Amino acid sequence: MAVLCCVLWGSAFPAVKAGYALLHVAKTDTAAQMLFAGWRFLAAGAILLVLAGLTGKSLVPPRDQAPKVVALGIVQTTVQYVFFYIGLAHATGVKSSIMNSTGAFFGVILAHFLYANDRLTPRKALGCLLGFLGVLAVNLGGKGLDFEFTLLGEGFVVIAAFVLAAAGIWGKTISQKMDAMVMTGWQLAIGGAALLGIGFAFGGRLEGFDVRSLALLAYMAGLSAAAFALWSLLLKHNPVGMLAVFNFLIPVFGVLLSALFLHEPVLAWKNAAALALVCGGIWLVTRKGRAAA
């Protein structure tokens with residue numbers, strides 16, 4: 001289930017880029033990008049809530065958890081994907097896949113301050129260093145010393161990764177007191193509705209709807225529903241450290257699928273070096289968790 005989640009999340013990078021092309025969304029058209037994201041996550045949340053209702057689950061969150069679910073939806077879906085969709089519009093799918101993997105390292109650093117039994121060790125620190133060296137490598141320019149890095153592109157992807165890491169830890173605590181599928185359904189639907197509101201408020205429009213674009217949007221809604229629901233369920237019943245080892249697969253699948261579907265240069269030396277450094281860093285950080293499991 002963890003590997004399946006990583007495949008789905010990795011496929012999101014080329015899927016979003018392809019969606020921009022099919023729906024004629026310019027990289028400077030932030031309002032249209034928010035509409036694209038909003039329809040995706042509102043549909044994903046609706047899918048999960050319908051499935052939860054069909055399986056006999058109560059769709060009403062506990063009274064003391066309802067405000068937290070609303071806040072989680074705004075943070076984990078709305079805020080994260082505002083940064084992610086804008087960033088992906090200004091960066092390649094390959095680079096975004098690698099930059100987004102910094103979320104694993106942010107999770108390690110945040111856990112150091114939040115959990116007494118998950119402190120930052122020298123091995124974890126070395127793993128984080130390797131990961132950030134990978135981020136530096138993928139942003140090296142053609143001359144070797146010039147950095148191809150923009151705040152609206154790579155910078156926003158990294159910010160989105162940080163938001164996801166922080167919200168994931170918060171969501172784990174909420175899922176202990178309510179059904180993970182219902183929690184995920186509401187947070188995706190609420191976050192998606194907020195994204196739609198932002199898009200419409202700033203005059204966003206989507207054009208070019210046809211069979212291909214609608215099929216892509218349906219796929220993206222489905223992958224979000226499946227991946228987030230499965231991961232929330234996995235987090236609820238398994239240690240964070242055991243699952244973290246699988247995170248290195250996300251940039252691997254993201255890079256390979258971006259190269260396959262977007263014809264981006266995956267074999268460029270900086271991309272290969274960055275991917276190796278990031279994967280090596282995540283392996284160092286999570287090695288103890290896997291052994292313990």
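Start at Ser-96, which sits in helix α4 (residues 93–100). Keep in mind throughout that this is a predicted model. Ser-96 is buried, with a relative accessible area of 0%. Show its neighbours next. Leaving aside residues up to four places away in sequence, Ser-96 touches Phe-13, Leu-88, Ala-91 and Val-157.

**Zoom out to the whole chain**

Colour by secondary structure. You will see twelve helices and zero strands. From the N terminus on, every element in the run is therefore drawn as α: α-α-α-α-α-α-α-α-α-α-α-α. Now colour by accessibility. Of the 293 residues in the chain, 51% are buried. Turn on the surface. The accessible surface comes to about 13,000 Å², and carbon and sulfur atoms hold 73% of that. Contacts come next. Take those in the chain with a separation of 6 or more: 87% of them join residues 24 or more positions apart.

**Select α1 and α2**

Pick helix α1 (residues 2–22) together with α2. Their axes come within 11 Å and cross at roughly 125°. That angle makes α1 oblique to α2. The crossing of α1 past α2 is right-handed. Show side chains at the contact. From α1, select Ala-12, Val-16, Gly-19 and Tyr-20. From α2, select Gln-33, Phe-36 and Arg-40.

**Swap α2 for α9**

Keep α1 and add helix α9 (residues 211–237). Here the axes are 9 Å apart, and the packing angle is about 150°. Angles over 145 degrees count as roughly antiparallel, and α1 and α9 are therefore roughly antiparallel to each other. Their crossing is left-handed.

Now show the residues that meet. On the α1 side they include Leu-4, Cys-5, Leu-8, Trp-9, Ala-15 and Leu-22. On the α9 side they include Arg-212, Tyr-219, Met-220, Phe-228, Trp-231 and Leu-234. Ala-12, Val-16 and Gly-19 are also among the α1 residues that meet α9; these three take part in the contact with α2 as well.

**Select the aromatic rings**

Show Phe, Tyr and Trp side chains. The structure holds twelve aromatic pairs. Go to Phe-36 and Tyr-85. Their ring centres are 5.7 Å apart and their planes lie at 85°, so the pair is edge-to-face. This pair links distant parts of the chain. Phe-36 is in helix α2 (residues 30–54), Tyr-85 is in helix α3 (residues 66–89), and 49 residues separate them. Are these two rings' residues buried or exposed? Phe-36 is buried, at a relative accessible area of 2%. Tyr-85 is buried too, at 0%.

Move on to Phe-83 and Phe-156. The ring centres are 4.9 Å apart and the planes stand at 75°, so this pair is also edge-to-face. Again the pair links distant parts of the chain. Phe-83 belongs to helix α3 and Phe-156 to helix α7 (residues 151–175), 73 residues apart. Check accessibility once more. Phe-83 counts as partly exposed, at 21% relative accessibility. The cut-off for buried is under 20%. Phe-156 is buried, with a relative accessible area of 13%.

**Last stop: the ring cluster**

Select Phe-13, Tyr-20, Phe-36, Phe-41, Tyr-81, Phe-84 and Tyr-85 together. Ring pairs link these residues into a cluster. You have already met several of them. Phe-13 touches Ser-96, where the tour began. Tyr-20 and Phe-36 help make the contact between α1 and α2. Phe-36 and Tyr-85 form the edge-to-face pair you selected earlier.

How values were computed: Residues numbered from 1 in each chain as written. Predicted model: local features only at pLDDT ≥ 70, side-chain atom pairs only at ≥ 80, totals over all residues. Heavy atoms only, no water. Phe/Tyr/Trp six-rings, centres within 6.5 Å; stacked < 30°, edge-to-face > 60°. Helix = DSSP H or I, 4+ residues; strand = E, 2+ residues; numbered from the N terminus. Buried < 20%, exposed > 50% of the residue type's maximum accessible area, 1.4 Å probe, protein only. Contact = heavy atoms within 4.5 Å. Areas by Shrake-Rupley, 256 points an atom, 1.4 Å probe, with all protein chains shown as cover. Axes fitted to C-alpha atoms, helices over the stretch in contact; angles between N-to-C directions. Parallel < 35°, antiparallel > 145°, perpendicular 65-115°, else oblique. Left-handed = near helix turned anticlockwise from the far one by under 90°.
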